[in-house]
Amino acid sequence: MFVEPAPTQYDLKFSVFRIPVSVHPGFWLMGLLMAAGYNRMDFLVVSIACVFVSILVHELGHALVMRSYGWAVRISLNAMGGLAIPAGYYSVSPGRQIWISFAGPLAGFAFFGLVIAAEIGLLAVAQSSPDYRLLPSGKSALAFALNQLEFINLYWGLVNLLPVMPLDGGRICAEYLRAPTSYKGKRITHQIGMIVGAIVALMFFQIGSVFAAVLFGSLAFWNYQQLQQSNQRFY
């Protein structure tokens, strides 16, 4: 479902830890749509920046584990989020594939811990100063950035571990059920993804989170399509 878009002349390109990264213009559009509800320009910019940093950290988790296995890998950030893409086909055991899939959310959880530590340190320094204006108030861009980074890296990471293909949790579920080499495992994987995706979409819709509801509704429908099309072909 998640396919890398064709490159454009407007792609932003750089490297992190010698891993090539490309950012498609659609990524910024996705970030802008997610931040459209904020009525402050600084909050909008901070929100997009937090999404960028958080998704990059997530994909670096995948990519660094791939590289530890000797793979050449690159990262693509696009309108669907991000992808860590190996340069070629590499044979991998189920255990290693599970570790690759889990490494993305794990990197986000580690980053969440760093943000919490930074916030605690900042508050400690500010409280020891006579100038209490150093304290990040709820209305400041700094406090907003800290809250955004904490929310994205903790809650998005947990949501990403739900057993819904092609999320990381779905890939872990697929490996556990031997879906890449088992017709029955493949069908069960998509059945789980369809049901869980639909339930989560309904939950998000009920709390008014339209973007997440549409996302999980789309994932549920994609798993339904895969289930209908399933046959003896393997992944």
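Helices α1 (residues 25-34) and α2 (residues 41-68) pack with their axes 9 Å apart, at an angle of about 125 degrees. Helices here are DSSP runs of H or I with at least four residues, strands are runs of E with at least two, and both are numbered from the N terminus. Axes are lines fitted to C-alpha atoms, for helices over the stretch in contact, and angles between N-to-C directions run from 0 to 180 degrees. The two helices α1 and α2 are therefore oblique to each other; angles under 35 degrees count as roughly parallel, over 145 as roughly antiparallel, 65 to 115 as roughly perpendicular and the rest as oblique. The crossing of α1 past α2 is right-handed, a term for the near helix being turned clockwise from the far one by less than a right angle, with anticlockwise giving left-handed. From α1, Phe 27, Trp 28, Met 30, Gly 31 and Leu 32 meet Leu 44, Ile 48, Val 51, Phe 52 and Ile 55 of α2, where contact means heavy atoms within 4.5 Å.

The model is predicted: local features need pLDDT of at least 70 and side-chain atom pairs count only at pLDDT 80 or more, while totals for chains, interfaces and linings use all residues. Residues are numbered from 1 along each chain as its sequence is written, and side-chain values use heavy atoms, with hydrogens and water left out.

Both of these helices lie across a sheet. Its 4 strands form an open arrangement in the order β1-β2-β3-β4, with mixed pairing; two strands pair if DSSP finds at least two bridges between them. At the edges stand β1 (12-16) and β4 (81-86), each with a single partner strand, so one side of each is left without a neighbour in the sheet. From one strand to the next the twist averages 20 degrees. Helix α1 lies across β1, β2, β3 (73-78) and β4, and runs at about 45 degrees to β3. Helix α2 lies across β1, β2, β3 and β4 as well, but runs at about 160 degrees to β3.

Within the sheet, β1 runs antiparallel to β2 (residues 19-23), and 5 bridges join the two strands. Lys 13 stands opposite Ser 22 of β2, and Val 16 has Ile 19 as its bridge partner in that strand. The hairpin formed by β1 and β2 has 2 residues between the strands, and Phe 17 in the turn has a positive phi of about 55 degrees.

A search of the whole structure finds 1 salt bridge, defined as a side-chain nitrogen of Lys or Arg within 4 Å of a carboxyl oxygen of Asp or Glu. It joins the side chains of Arg 40 and Asp 42, at 2.6 Å from N to O. Arg 40 counts as partly exposed because its relative accessibility is 31%, and Asp 42 is partly exposed at 30%; buried means under 20% relative accessible area, exposed over 50% and partly exposed in between, with a 1.4 Å probe and protein chains only.

A second helix pair is formed by α6 (residues 183-206) and α7, which pack at about 160 degrees with their axes 7 Å apart. These helices, α6 and α7, are therefore roughly antiparallel to each other, and α6 passes α7 in a left-handed crossing. Among the residues making the contact are Gly 193, Gly 197 and Ala 201 of α6 and Ala 213, Gly 217, Ala 220 and Tyr 224 of α7. Tyr 224 has its place in α7 (residues 210-229) and counts as partly exposed, at 37% relative accessibility.
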